[in-house]
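Subject: Structure for you to look at

Dear colleague,

I am handing over a structure that I would like you to read through at your own pace. Please open it first, and then compare it with the notes that follow.

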Amino acid sequence: MKAEPIQGAVPRLKIANQTLNFDDMTSEAQDPTTVIPNIPKNDKKRIVIIGAGFAGLKLARKLSVTDYQVVLLDKNNYHIFQPLLYQVATAALPPNAVSFPLRRLFHSSSNVLFRMAIVKKINKREKRIYTNLGTLEYDILVLAQGANTNYFGNENIHRYAAPMKTTSEALYIRNKIISNYERAVNIADEKERKPIMNVVIVGGGATGVELAGSIAELRNTVFPKDYPQLSFQNMRVILIEAGNTLLSGLSEKSREKALEYLQRLGVEVMLNTMVEDYDGFTVKLKEKPSIETITLLWAAGVKANLMPGIDADQIAPNGRMLVDEYNRLIGEDYIYVIGDQCLLKEGKFPNGHPQVAQVAIQQADNLARNLKSDLKAKPWSAFRYKDLGSMATVGKKMAVADLPFIRFRGFFAWFVWLFVHLMAILGVKNKLQIFINWAWKYLAFDPSLRLLIRPRYVKPSKREWLIEDRDYEL
Ligand SMILES: Cc1cc2nc3c(=O)[nH]c(=O)nc-3n(C[C@H](O)[C@H](O)[C@H](O)COP(=O)(O)OP(=O)(O)OC[C@H]3O[C@@H](n4cnc5c(N)ncnc54)[C@H](O)[C@@H]3O)c2cc1C
C-alpha cells in the first residue's frame with residue numbers, strides 16, 4: 001500500500017490495483033477490472049445481497065451453510081433495529097443496543113462474506129454491480145436496500161428538518177435535543193428561549209407518535225430536574241399530521257386511545273395540518289399560524305431507495321420496484337427485490353404490502369426457501385403475507401395493540417409491546433442491555449444517557465469512512 005502524491009487537498013490511496021478517492025462518494029468511475037478483492041470465484045453460484053436490514057440479513061442468515069456463495073453488502077457494518085431508534089433519540093437506549101455487528105453473525109458460516117460497501121449502480125447485461133470499493137459479478141442479485149426519508153420534494157424541509165432512519169440520525173436527534181437545553185439555560189430572555197425549547201414532530205404514524213410521547217415524558221419528568229432554572233411549561237411538544245387521524249393502519253378504538261394518551265402527556269396534536277415550509281426556525285403551516293422551533297423532527301413518510309441501472313418501467317410511480325409473486329424483478333431472471341424497496345401486488349394488497357419489518361422478514365424467508373428449492377430442483381412457492389398485527393407505544397404503561405384475534409390497550413398492551421420488541425432484537429447481550437435500561441427507566445424514570453457526545457471534526461480525507469452521508473444517493 002503506498003500513498004500517491006496528493007492532488008489538491010484530496011488524498012488518494014493506491015491499494016492493489018484500485019485508486020480510492022476518499023472524498024468522492026458519488027464516483028462511478030470504476031473500470032470493471034477493479035473487482036472487490038478477496039472474494040474468491042469458486043464453483044458455487046454467487047448470490048449478492050445489497051442491504052443488511054430486516055430483509056437482506058434474514059436472507060443471508062437463511063442461506064448460510066448452503067451450496068451458494070453469499071456476498072452481503074451494506075453501507076454500515078451493523079444491522080439497525082429501526083423500531084427502537086426513537087428510544088436512542090430520546091436517551092432511553094444506547095446506540096449499540098439497537099445496532100448489531102454484522103460480521104459477528106457469520107463467524108461460523110464460511111459461505112457468507114460481508115463487505116461494508118455502498119452500491120452505486122447495476123449493469124444488468126454484464127451481471128455486475130459497481131460499489132465504492134470496486135465491482136462485483138453476480139449469478140443472482142437481491143436488492144434489499146429498504147427506504148429512505150421522504151420530504152415530498154421540499155428542499156427546505158430536507159435541509160433543515162431532522163430525519164430518523166439510521167442510528168446516526170437518532171444520535172443526532174439526541175444531541176440536538178440535549179444541546180437545545182444546554183443552550184436555553186444560558187439565555188435570559190424567556191421569549192428568546194421558546195423556539196429553542198419547542199419540539200415539533202411531523203408524521204402521525206407509529207414513529208411520530210412514539211417520538212412525541214417519549215419527548216413529552218422527558219419534558220414532564222426529567223428535564224425539570226436537569227434544568228431547574230428553565231420553566232418547562234414553556235416547552236411545547238407538537239405532533240403534526242396531514243390526515244384526519246393518527247396511526248391510520250390501526251383500529252378506530254386504538255387510534256382514539258393513542259390520541260388520548262398523547263393528550264394526557266401534554267402533546268399538542270394537530271390533525272388535518274399540512275407543513276408547507278421550514279427555514280430552520282419557523283414551521284409554516286397551511287391555513288394555520290406558524291410555529292417557532294429550531295427542532296423539527298420529520299417522520300412523515302418514506303420512499304424506496306432507487307438503484308441506477310434499473311429500468312424506468314420496472315419501477316412503480318411511488319419508487320418501489322415491481323416484482324412478481326416470487327419477488328423477482330419484473331422482466332428479469334436473476335434479480336430479486338425484497339422488503340421496503342419492492343412492490344408485490346397480492347390479493348388483499350392490490351397496492352403492495354405495508355412497508356414494515358414483518359413483510360421484509362417474510363419475503364426474505366420465502367425467497368430463501370425458494371433458492372434452496374432450486375438446489376434440489378424443487379418447485380417454488382409464491383409469497384403470501386401473514387399479517388401478525390400492529391402495535392404502538394405512547395409512553396409508560398400506555399400502548400395500543402391490534403393483533404389478528406384480539407385488540408387491547410393500556411398496561412397490558414405496553415407490556416406485550418416490551419416483550420415482543422425484546423424478543424425481536426438480535427443477540428443476548430443486546431436483549432439484556434435493553435431489559436436493564438427499561439427496568440431502570442421504569443423504576444427510576446431517569447434515563448442516564450443524556451450525554452452530549454459531539455462528533456469531533458473529521459478531516460476531509462477521512463470522511464468517507466468516518467461520517468455517514470445521509471444524502472449520498474441524491
Ligand atoms: C424509525 C422507524 C421505526 C419503525 N418502526 C417499525 C415498527 O415498529 N414495526 C415495523 O414493522 N416496522 C417499523 N419500521 C419499518 C421497518 O423498519 C422497515 O419496514 C424495515 O426495516 C424494512 O426492511 P428492509 O430490509 O426492506 O430495509 P432496511 O431495514 O431499511 O434495510 C436496508 C439496508 O440497506 C442498506 N443500504 C441501503 N442502500 C444501500 C446501498 N446503496 N449500498 C449498500 N447498502 C445499502 C442500509 O444501510 C440498510 O441496512 C420502522 C422504520 C423506522 C425508520
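How many bridges join β4 to strand β5, and in which sense do the two run? Before I answer, please keep in mind that this is a predicted model. The answer is that 6 bridges join β4 to β5, which spans residues 68-74, and that these strands run parallel. One of the places where you can see this pairing is I50, which stands opposite L73 in β5.

Strand β4 itself covers residues 45-50, and it is mostly covered, since 5 of its 6 residues are buried. It also pairs with strand β12 (residues 140-143), again in the parallel sense, over 4 bridges. Here I50 is once more a useful residue to look for, as it stands opposite L143 in β12. If you then follow the chain through helix α1, which takes in residues 54-62, you will find that β4, α1 and β5 make a right-handed β-α-β unit.

Two open sheets

You may next want to look at a sheet of 4 strands, which is open and has the order β16-β15-β14-β20, with parallel pairing. Its edge strands are β16 (268-270) and β20 (296-298), each of which pairs on one side only. From one strand to the next, the twist averages 20°. Within this sheet, strand β15 (residues 237-240) is joined to β16 by 3 bridges, the two strands running parallel, and the bridge partner of L239 in β16 is V269.

There is also an open sheet of 3 strands, in the order β9-β10-β11, and here the pairing is antiparallel. The strands at its edges are β9 (119-123) and β11 (135-137), and each of these pairs on one side only. When direction is ignored, neighbouring strands of this sheet are turned by 20° against each other on average. Between β9 and strand β10, which holds residues 128-131, there are 4 bridges, and the two strands run antiparallel; in this pairing, I122 stands opposite I129 in β10.

A pair of helices

How do helices α5 and α6 lie against each other? Helix α5 (residues 167-184) and helix α6 (residues 190-197) pack at an angle of about 170°, and their axes are 9 Å apart. Angles over 145 degrees count as roughly antiparallel, and α5 and α6 are therefore roughly antiparallel to each other. On the α5 side, the contact is made by N180, R183 and A184, which meet R193, I196 and M197 in α6. The residues of this contact divide into 3 nonpolar, 1 polar and 2 charged.

One residue in a helix

Lastly, I would ask you to find S373, which lies in helix α9 (residues 357-375). Is this residue buried, exposed or partly exposed? A residue with 20 or more other C-beta atoms within 10 Å would be buried, and one with 12 or fewer would be exposed; S373 has 13 C-beta neighbours inside 10 Å and therefore counts as partly exposed. If its neighbours within four places in sequence are left aside, S373 is in contact with K378, P379 and W380. As for F106, this residue and S373 are 267 residues apart in sequence and 22 Å apart in space, taken from C-alpha to C-alpha.

With best wishes

How values were computed: Residues are numbered from 1 along each chain as its sequence is written. This is a predicted model: local features need pLDDT of at least 70, side-chain atom pairs count only at pLDDT 80 or more; totals for chains, interfaces and linings use all residues. Two strands pair if DSSP finds at least two bridges between them. Axes are lines fitted to C-alpha atoms, for helices over the stretch in contact, and angles run from 0 to 180 degrees between N-to-C directions. A crossover is right-handed if, with the strands pointing away from the viewer, the path from the first strand over the helix to the second runs clockwise. Angles under 35 degrees count as roughly parallel, over 145 as roughly antiparallel, 65 to 115 as roughly perpendicular and the rest as oblique. Two residues are in contact if their C-beta atoms, placed from the backbone, lie within 7 Å. Ala, Val, Leu, Ile, Met, Phe, Trp, Tyr, Cys and Pro count as nonpolar, Asp, Glu, Lys and Arg as charged, and the others, Gly among them, as polar.
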